[in-house]
Amino acid sequence: MTDLRAVPKIELHLHLEGAAPPALVRRLGAEQGKDLTGLFDETGGYAWSDFTTFLAAYETMSKVFEDPETYADLTEAVLLEQAANGVVYSEIFLSPPSLFGGDCGRWEAMRAAAEEGADRVQGIDCRFIPVVIRHHGPELALTGTLTMLKAPRGRIRGFGMAGDERAFQPQDFAGCFARAREAGLRLTAHAGEFGGPESVRAALDDLHVERIGHGVRAIEDPALVARLAAESVTLEVCPGSNLALGLYPSIAAHPVAPLREAGCRVTISTDDPPFFRDTMTKEYEALSKTFGWGDADFETLYRTALDAAFCGPETKAALARRLDGGARSLSSAEKEGPRA
Ligand code: ADE
Ligand code: ZN
């Protein structure tokens, strides 16, 4: 198989904390004297067994990021790993522990540190998307949203929601999304992962999102698939995450290809790569091997993600040019990228 690492990629669905390398978390945990009991397995990777224990491990891991300053090294490490897999642009979810409970100073210190980490890495551009955590409840979500909206934006372009889709209803977070939209942020929400088609409908109707994180279980309702296609809703599909979390038994049984064939706007991402032993290269290899996707399909993925990206037109134009040059032939001028 050809080396798919160098194929230029755009990733729209990546959790910054969820992408933390285990070695970084272990180091920070030791420096801070944090109790990370049970977080790692015997190979040194993250230990979890299903969605519930995954979310619990995620909370434990996040404890090392209670210090806002840690976000510089975290962001740098994550972007370096993405760039090593041919990602030239990414949109990254930020969900610091409890959204710093409404502490504006800590939020701003975290955001500034994340910007500093992003500035350190060449060859990849990024934007940030703060996300509220559904299972932490609407009250904390609103506090976090209002705090975030008061602070400077930097690379923040969107707003979203992650967490356990089995808790609460999208409607419960409608106020957060309305405020974010009024403030000019673009919207996305996790839905159709551990919730069915009704959950995707609720995200569209109650939160007015233009992108859906995952959305794959829309496949269970042909009318919803037709709606997603007709309304040009972009799906942030993360096949490796879905397989690891047990949604589908194999990539062959995953709905990514049928959704695409039905006219849905499909993009590919890794979600929380070290938790799932995943990389963007592995995602592309699986799509190539299982569905025979090749250069033309990967170019379509890039253009679809570019179209759905929350950055401005100048950045999009630069990213369109990168596609022609390939991930490895970026000029240094383009590497810097405009801050649109
Ligand atoms: N947060 C991090 N990964 C997630 C996932 N796959 N689903 C919901 N919330 C998440
Ligand atoms: Zn996610």
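Good morning. I begin inside the protein, with helix H5: its buried residues are Ala141, Gly144, Thr145, Thr147, Met148 and Leu149. Please bear in mind that this is a predicted model.

What covers these buried residues of H5? The cover includes two helices, H4 (104–119) and H6 (174–182). It also includes two strands, S3 (125–133) and S4 (158–162).

Let us next consider the length of this helix. H5 runs over residues 138–150, which is 13 residues. At 1.5 Å a residue, a span of 18 Å is expected, and the end C-alpha atoms of H5 are 18 Å apart, so the two values agree.

I now turn from one helix to the whole protein. Its secondary structure comprises 14 helices and 8 strands. The radius of gyration is 19 Å, close to the 20 Å that the globule rule gives for 340 residues; the protein is therefore as compact as a globular protein of that length. Along the principal axes, the C-alpha trace spans about 50 × 45 × 45 Å.

How many of the 340 residues count as buried? The share is 57%. As for the contacts between residues at least 6 apart in sequence, 76% of them join residues at least 24 apart.

Finally, the surface and the charges. The protein exposes about 12,600 Å², and 52% of that area is supplied by carbon and sulfur atoms. There are 35 positive and 50 negative charges, and the mean positions of these two sets lie 3 Å apart.

Thank you for your attention.

Methods:
Residues numbered from 1 in each chain as written. Chains lettered and ligands numbered in written order. Predicted model: local features only at pLDDT ≥ 70, side-chain atom pairs only at ≥ 80, totals over all residues. Heavy atoms only, no water. Helix = DSSP H or I, 4+ residues; strand = E, 2+ residues; numbered from the N terminus. Rg over C-alpha atoms; globule rule 2.2 N^0.38 Å. Buried < 20%, exposed > 50% of the residue type's maximum accessible area, 1.4 Å probe, protein only. Contact = heavy atoms within 4.5 Å. Areas by Shrake-Rupley, 256 points an atom, 1.4 Å probe, with all protein chains shown as cover. Lys, Arg positive; Asp, Glu negative; His and termini not counted. Charge placed at Lys NZ, Arg CZ, Asp CG, Glu CD. Expected span 1.5 Å × (residues − 1).
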